[in-house]
Amino acid sequence: MTERPTGHTNTNSNLERVLAAGEFAVCGELGPPRSADAEVIADHARHFHGYVDAVNITDNQTAIVRMSSIAAGALLREVGLEPVIQMTCRDRNRLAQQADLLGAAAMGLNTLLCLSGDHQVFGDEDTARNVYDIDSMHLLQMVRKMRDDRQFMSGTDLEGAEPRFFVGAAANPFADPFEFRVVRLAKKVAAGAEFIQTQAVYDVDRFARWMEAARDMGLHEKVSIMAGLVPPKSAGALRYMKNNVSGMRIPEELIRRMSGAQDPKEEGIQITVEIIQQVREIEGVRGVHIMPIMWESALPEIVSRAGLTPRPDLS
Amino acid sequence: MTTGELRTSVIAFCCENSALQAVEDARHFGMTMPECVQTIRVPCAGKVEEDHILKALESGAAGVVLFACHTENCQYLQGNVRAEKRLTRLRGLLDEIGYPADAVLYASAAPAEAARAARILRTFADDLASVDREEAIEQ
Amino acid sequence: MIVAERKAISDILQMIEGAGRVLVVGCGTCVTVCLAGGEKEVAVCASLLRLQNQGEDRDLTVAEATIERQCEWEFARELDELVPDCDAIVSLACGAGVQTLAAQFEDTPVFPGLNTQFIGIPEEQGVWTEHCLACGECVLDKTGGICPIARCAKTILNGPCGGSQDGKCEINPETDCAWQLIFDRLKRLGRLHMLEEIEPPKNWSHSSDGGPRKVKREDMIL
């Protein structure tokens, strides 16, 4: 894939505009409600206004049933925020995925993150059959084919407007085997990823090594890499993630720092701000993706303190 | 032997390298033993399969003892270990069908431990004869 | 081999309720080797059924038979004389064996005594693991002889996913990450470059998604 000229955009995605303008991008994240309450979206969204360029909307995250990411994304758009629609390969086959991509685009959703999805054993419907018809690599290819070639995965032509998504993928610098992680990133870029959001960074050293390997392959020029962040609420939360979330690396030192803190929440915000400052120094990091799981109210403080306000208005 | 004779009996599968000698000595020396014990000589307790024990119960035995060598004394190295594991599994199977799992027992004795073998068999036979257990089978 | 496990006796008892004469049939091939449905397991199962019936009012006779392969007509026919004397058959075979008996003996109910698990290997004594999903289009040439379809929880063709850590799969710390194994194996073979290519989406029409499959050898058809 060739490097894109600065300022050029393919879609109406605000995230794409921000990145194309060379700005350091900020994404938030919102888990849709486990109900049909539309108001919940607007309620959570108030924390994000003015502090982010886009908000990821998770797709049955951790395999727990929630309002669909596309529906929740459409509701978020109504209140003036740009959703990044997450789409996994766990629950839908290529037919359903393509149908939903058309629907999402028709509703004015512009930004998409392609994922394989957490296995259903982690959720509350662990007797479900999983799909995984295609993997996240294929999903990227499929979205790009629909957008750029105006063709379905089968090769059949679309009969009208194509879905124009700014397309992203996830990468986990902390999973194994480490030496293959950047090769896999390169495959995702080759498959069509235009931006990357990583697993939560706590181990900045390892993240920096991964970025170095990505730079060695020139990937930082081909794709906008955004570092993932999960603001820690307590030492217990960190320990839980360390022990229960596969592919997470959390230095013991960080857990000690949190457990020694008088005000853990304040410390968690401070730690997050420090990590943002550290990753910002790493060449090729183009933004951050803050995932304030059940703690959206912390986001404005983090973004402000990290000096990332105001967000650019490029609409 | 008919099924009727077996009704109150205990069948003891005895390893010929250890427990068999102990049980035979216990008899020879006139130690107190349940009368109803029938011994079956086996080359190793590990040779006794689940279906052998089940067949013994089916044919009317009130209880079955799988008499092996002490830990680490098996001539075939792991025979007693396998026998004990197999018996544990068998107890699970008996549980599954609601049959009292204490009708089968894993035990060990050295050739010279006649008194120990006699005591194990006495206790087992006494337990089998207890009213509670008969009721359990009735149910 | 096809690996199976016996169903709970209570489930089998429920299936044969009302039957006075039951025939438990074993299979001498795969399920014998994986200790689920061979002659010995037939003896155990039949004994358990009889023991359970002791003290019950109903008469129950349980006969036993084990044939070489339940999934072949020639062997199934060996039961021709036994079956008319029974009210129900409990088949300790894989699903193919159960269905062969059901087709062969149309007037006798045939019940599955096993849960067929997978195509696998004995990983070590007493432990069997899944190795093949019969997807109909083998990819082992590209994956170092380790199957991502059967052994990756997400059947990912371009792994490993982000849940691979310390060689283990995120869904279970006892499960090896198939893609770590693939990576290690290709590295050993000096063929890691194979993983740089994106493996295209799978054609699942060759798998069970394409409907019940059939294999034909014209020269063998009479």
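**Exercise 1. Find how many residues helix 11 of chain A has and what distance separates its first C-alpha from its last.**

Solution. In this predicted model, helix 11 of chain A runs over residues 264-280, which is 17 residues. From its first C-alpha to its last, the helix reaches 24 Å, and this is close to the 24 Å expected at 1.5 Å a residue.

**Exercise 2. Work out which residues of helix 11 of chain A are buried, and name elements that cover them.**

Solution. Begin with the count of neighbours: a residue is buried if 20 or more other C-beta atoms lie within 10 Å of its own. In helix 11 of chain A, the residues that are buried are Pro264(A), Glu267(A), Gly268(A), Ile269(A), Ile271(A), Thr272(A), Val273(A), Ile275(A), Ile276(A) and Val279(A). Next, look at what lies over them: the cover includes the helices 7 (204-216), 9 (235-244), 10 (252-259) and 12 (299-305) of chain A, together with strand 7 (224-229) and strand 8 (285-290) of chain A.

**Exercise 3. Determine which pairs of chains touch, and describe the side of chain A that touches chain C.**

Solution. Two pairs of chains touch, and the most contacts are between chains A and C. Chain A and chain B, by contrast, do not touch, since their nearest C-alpha atoms are 25 Å apart. Turning to chains A and C, 22 residues of chain A are in contact with 23 residues of chain C. On the side of chain A, the elements that give two or more residues are helix 5 (136-148) and helix 6 (178-191), and helix 6 of chain A gives the most, with five residues. By residue type, this side of chain A divides into eleven nonpolar, seven polar and four charged residues.

**Exercise 4. Decide whether chain C is more spread out than a compact globule or not, and describe how chain C is built.**

Solution. First, list the elements: the secondary structure of chain C comes to seven helices and nine strands. Then compare two values: the radius of gyration of chain C is 22 Å, whereas the globule rule gives 17 Å for 222 residues, and because the value is well over that of the rule, chain C is more spread out than a compact globule. The C-alpha atoms of chain C fill a box of roughly 65 × 45 × 25 Å along the principal axes. Chain C is divided into domain 1 (2-118) and domain 2 (135-209), and the C-alpha centres of these domains lie 37 Å apart. Finally, 39% of the 222 residues of chain C count as buried, and among its contacts between residues at least 6 apart in sequence, 56% join residues at least 24 apart.

Definitions and conventions. Residues are numbered from 1 along each chain as its sequence is written. Chains are lettered from A and ligands numbered from 1 in the order in which they are written. This is a predicted model: local features need pLDDT of at least 70, side-chain atom pairs count only at pLDDT 80 or more; totals for chains, interfaces and linings use all residues. Helices (H or I, at least four residues) and strands (E, at least two) are DSSP runs, numbered from the N terminus. The radius of gyration is taken over C-alpha atoms; the globule rule is 2.2 Å times the number of residues to the power 0.38. A residue is buried if 20 or more other C-beta atoms lie within 10 Å of its own, exposed if 12 or fewer, and partly exposed in between; C-beta atoms are placed from the backbone. Two residues are in contact if their C-beta atoms, placed from the backbone, lie within 7 Å. Ala, Val, Leu, Ile, Met, Phe, Trp, Tyr, Cys and Pro count as nonpolar, Asp, Glu, Lys and Arg as charged, and the others, Gly among them, as polar. Domain bounds come from an automatic or database domain assignment. The expected span of a helix is 1.5 Å times one less than its number of residues.
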